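Visitor: Please take one helix in this structure and look at it closely. I would like to know how it sits among its neighbours.

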Amino acid sequence: MKVRVLGCSGTIGRDSDTTSFLVDDDILVDAGTGVGRLTLDEMCRISDIFLTHAHMDHIAGLPMMVDAVSAAYMGREHTINVHARPETVDTLHRHMFNGEVWPDFSRLPSPRRPAMRFHMLESGQVREVAGRIIEVLPAEHSVPAVGYAVRARRGGAPWWVFSGDTGVCPAFWQRISRMDVGALVIETAFSNRCTELARLSLHLTPDMLAECLELMPPDANYPVYVTHLKPSEIPLILSELKELKERFPERGIGRARIQRLLAGEVIELAGEAVVPMAETVPMPLMPEPDIGNVLAPVAA
Ligand SMILES: [Zn+2]
Ligand SMILES: [Zn+2]
């Protein structure tokens, strides 16, 4: 199983797209502006979309993608399954697919054969899509939200875990501490100077991530990819993470193999090996902040 990072930024800018991950070539986890990096053919291969929550940076690409795919399948039956919490579906219906902002593709081109169909889910539930298992994880955000864990069905396959947007959520860490995690993608939206804002909006700062990583089992050795960084805060967040790692070498954050995730990277989960690698066709990446290699690279 492989996970291609289409976007993992906290907001947009040139070469900077918001959250969306492509699992193999048919499952999308979140549909932020990163969806725009897919070709029409690639979009047409997607059968299922799993949304973490209804915030714009995670859904902005959904309406136009469904429109594009629907047009490409004109005259042929094709429905994209969109999985989300009931509150998320309700928000999408009322504010996006409402016939004003955008057509209601859950009833078009016909209610019996719509371009997309919503499927409600809740934390703790498990879905299967063509040999991949998707478990819905708890999250604590300013609107109803979830995270996801995805793995190949075959025995022994490790989980790719994505926190979605969340503050400190002990239930999330309790659950993943019992999983064979191959790679964890977790948000760290703000620097420590924005702690108050992070607490209000239920996001993480480096200090709060350190608090979370204390809940990792001592023998956990999977890479931790930080994501959803606000672009203006990137150098500060990375230097704060580095400083925490150095200050508490024996603690959770000191032991964790932390790395910043970038759009265009592919996380390959094969057996026990997790190998981040570049795509065949390179995509423009956000320029690295000029602070050197502040985080330890993930060992092979
Ligand atoms: Zn959010
Ligand atoms: Zn977000």
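Guide: Here is a close look at one helix, followed by two other spots. The model is predicted. The helix is α8, residues 234-247.

Start with its length. Helix α8 has 14 residues. At 1.5 Å a residue, α8 should span 20 Å, and its end C-alpha atoms are 20 Å apart, so the two agree.

Next, its buried side. Four leucine or isoleucine positions of α8 are Ile 237, Leu 238, Leu 241 and Leu 244, and they are buried. Glu 240 and Lys 245 in α8 are buried too. Seen down the axis of α8, the buried residues fall within an arc of 160°, so they line one face of the helix.

What lies over that face? The cover on the buried residues of α8 includes two helices, α7 (206-213) and α9 (252-255). It also includes the strands β12 (223-227) and β13 (257-260).

Now turn the helix round. The face of α8 pointing away from the buried side carries Glu 246 and Arg 247, which are exposed.

A wider view takes in the largest nonpolar core, which has 84 residues. Among those with the most contacts inside this core are Ile 49, Trp 160 and Leu 184. Leaving out residues up to four places away in sequence, Leu 184 touches Val 161, Tyr 222, Val 224 and Tyr 225.

For contrast, take another helix. Glu 87 lies in α4, residues 86-95. Glu 87 is partly exposed, because 14 other C-beta atoms lie within 10 Å. Glu 87 and Pro 144 are 57 residues apart in sequence, yet 6.6 Å apart in space, C-alpha to C-alpha.

Definitions and conventions. Residues are numbered from 1 along each chain as its sequence is written. Chains are lettered from A and ligands numbered from 1 in the order in which they are written. This is a predicted model: local features need pLDDT of at least 70, side-chain atom pairs count only at pLDDT 80 or more; totals for chains, interfaces and linings use all residues. A nonpolar core is a set of buried Ala, Val, Leu, Ile, Met, Phe, Trp, Tyr and Cys residues joined through C-beta atoms within 7 Å. A residue is buried if 20 or more other C-beta atoms lie within 10 Å of its own, exposed if 12 or fewer, and partly exposed in between; C-beta atoms are placed from the backbone. Two residues are in contact if their C-beta atoms, placed from the backbone, lie within 7 Å. The expected span of a helix is 1.5 Å times one less than its number of residues. The arc is that of the directions from the helix axis to the C-beta atoms.
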